[in-house]
Amino acid sequence: MHAPDPHTDPMLPVIARITRRTRELSDVVTFEMEVEGWPGFEPGQFNMLAVFGVGEIPISISGPVSDSSKIIHTIRDVGPVSRALAALEPGAVLGLRGPYGAPWPVKAARGRDVVVVAGGLGLAPVRPILYELMENRDAYGKITLLYGARSPSEILFREELGAWRSRLDMGVEVTVDRAPEDWHGHVGVVTALLRAADFAPANTTAFVCGPEIMIRFAANGLTDLGVAATDIHLSMERNMQCGIGLCGHCQLGPYFLCKDGPVFDWATMKPLMRIKEL
Amino acid sequence: MAIEGLQRILAGHPLFRDLSPAFLDMLAGCAKNVRFAADTYMFHEGDDADFLYLVRDGHAALEISAPGHGRMVFQTVSGGGVIGLSWLVPPYRWRFDARAKEDLRAIAFDAKCLRGKCDADPALGYAVMKRILPALVDRLHDTRVQMLDLYDARP
């Protein structure tokens, strides 16, 4: 009898070891991990991360595609499994299945303007897009990142946002819902930033990630400005459990979000997102 | 500045971009260029709402102050934006403070002059309202979304 092989059995996790832990916010940490035989990933894909004895959850990969020596995940401590994950220290091991899911079609946007709209922790799943855009800057038209957070103290990847803004070859605008008087940035919803953003709608590809309501309003805002629904891509995050389209927990209409998504275009998702309680 | 120059500036602002030259000419008669240095107030809550501001460049914070909370910024407005809708609705009084966060240039419309011209020429009044109303609806929508506290962490 053969021992189960994680490379052929998608339900069997491989062992990942945490090599670095960075506290991003009071409830958010970023891990760097090593996995033997890691095949690499595409922007937008996710892994199922398991804390043994606690549970398993899907987490988007937030690092650069170009560096396959480490796997980077950004995790908010918000439920029992993510809390256990966020408490792990370098040297700890966890279970990992993946990478899974349909990726952001970033390279298909070459030659076009790109608008990335992210809210809250939604900046983590789009960070691999931004790395690709910056590593191949000349391949794209105007690049705009619009990011919204609850307050200045809850801005994710603050240093990187500053570094991206200082590059001067991409537009970076950050807004918060509420701010103390010493905040010098925008205050208001992230979708309001779209109205002042500089891009050619007919030649724009947009990537949107964040709370589902924000996705809806951002996608509608982009279509109002003239961006085609098929050029607006969004990441749907719902109750994924198996990660491979078997269990049906993440089914939305005819789609399994874990297998057919999590990235879909707005033309596909709009009819489903208009159905109340779906 | 000559009326002709103001007309050109008005035509370049998103609010009045597609307005006819004749209407722009009428509006320019109520307008003037203004500047606010960084960290100065454009107006205070409770003051008479004597102006409508079209921001050309710079950045303003709309604030409400409360004891124990200091100045709470609930919205910022940048170049291309509009500050002040209270000039349109009696009793024509500001309902918040507006402070330039950095050096700010704007076109300021004398509210009485603007209301007078809109009353005297309903076609102009309708054209102005058709442009002010979307700004108002956008602001209402944005406020509603902001109130949803979208980024609150939920399991």
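Colleague: Where does UniProt place the cyclic nucleotide-binding domain in chain B?

Modeller: The unreviewed UniProt entry puts "domain: Cyclic nucleotide-binding" at residues 15-115 of chain B. UniProt positions are given in the numbering used here, feature names are shortened, and annotations may be inferred rather than shown by experiment.

Colleague: What am I looking at, and how are things numbered?

Modeller: This is a predicted model: local features need pLDDT of at least 70, side-chain atom pairs count only at pLDDT 80 or more, and totals for chains, interfaces and linings use all residues. Residues are numbered from 1 along each chain as its sequence is written, while chains are lettered from A and ligands numbered from 1 in the order in which they are written.

Colleague: Back to residues 15-115 of chain B. How much is helix and how much strand?

Modeller: That span is 13% helix and 46% strand. Its end C-alpha atoms are 17 Å apart. Helices (H or I, at least four residues) and strands (E, at least two) are DSSP runs, numbered from the N terminus.

Colleague: And chain B as a whole, what's the pattern?

Modeller: Chain B has four helices and eight strands. Along the sequence they run α-α-β-β-β-β-β-β-β-β-α-α. The radius of gyration of chain B is 16 Å, close to the 15 Å from the globule rule for 155 residues, so chain B is as compact as a globular protein of that length. The radius is taken over C-alpha atoms, and the rule is 2.2 Å times the number of residues to the power 0.38.

Colleague: How much of chain B is buried?

Modeller: Buried residues make up 32% of its 155 residues. A residue is buried if 20 or more other C-beta atoms lie within 10 Å of its own, exposed if 12 or fewer, and partly exposed in between; C-beta atoms are placed from the backbone.

Colleague: Any odd backbone spots in chain B?

Modeller: A cis peptide bond joins B:P90 and B:P91, with omega about 10°. B:P91 sits in the loop between β6 (82-83) and β7 (97-100) of chain B. B:D149 has a positive phi, near 55°, and is not a glycine. B:D149 is in the segment after α4 (122-147) of chain B.

Colleague: Why flag those?

Modeller: Most residues other than glycine have a negative phi, and most peptide bonds are trans.

Colleague: Is B:D149 buried or exposed?

Modeller: B:D149 is exposed, because it has 11 other C-beta atoms within 10 Å.

Colleague: On to chain A. Which domain does UniProt list?

Modeller: The unreviewed entry gives "domain: FAD-binding FR-type" for residues 11-106 of chain A. That span is 7% helix and 48% strand, and its end C-alpha atoms lie 29 Å apart.

Colleague: How many helices and strands does chain A have?

Modeller: Seven helices and 15 strands. Chain A has a radius of gyration of 19 Å, close to the 19 Å that the globule rule gives for 278 residues, so it is as compact as a globular protein of that length. Of those 278 residues, 46% are buried.

Colleague: Tell me about helix α2 there.

Modeller: α2 of chain A covers residues 123-135, so to speak of its span: 18 Å from first C-alpha to last, close to the 18 Å expected at 1.5 Å a residue. The expected span is 1.5 Å times one less than the number of residues. In α2(A), 10 of 13 residues are buried. Among them are A:L123, A:R127 and A:E132.

Colleague: What about backbone oddities in chain A?

Modeller: The peptide bond from A:G261 to A:P262 is cis, with omega near 10°. A:P262 is in the loop between α6 (257-260) and β15 (263-265) of chain A. A:L168 has a positive phi, near 65°. A:L168 counts as exposed because it has 8 C-beta neighbours inside 10 Å.

Colleague: New topic. How many residues does each chain bring to the contact?

Modeller: Chain A gives 25 residues and chain B gives 20. Two residues are in contact if their C-beta atoms, placed from the backbone, lie within 7 Å.

Colleague: Which element of chain A gives the most?

Modeller: α5(A), with three residues. By class, the side of chain A that touches chain B has 12 nonpolar, seven polar and six charged residues. Ala, Val, Leu, Ile, Met, Phe, Trp, Tyr, Cys and Pro count as nonpolar, Asp, Glu, Lys and Arg as charged, and the others, Gly among them, as polar.
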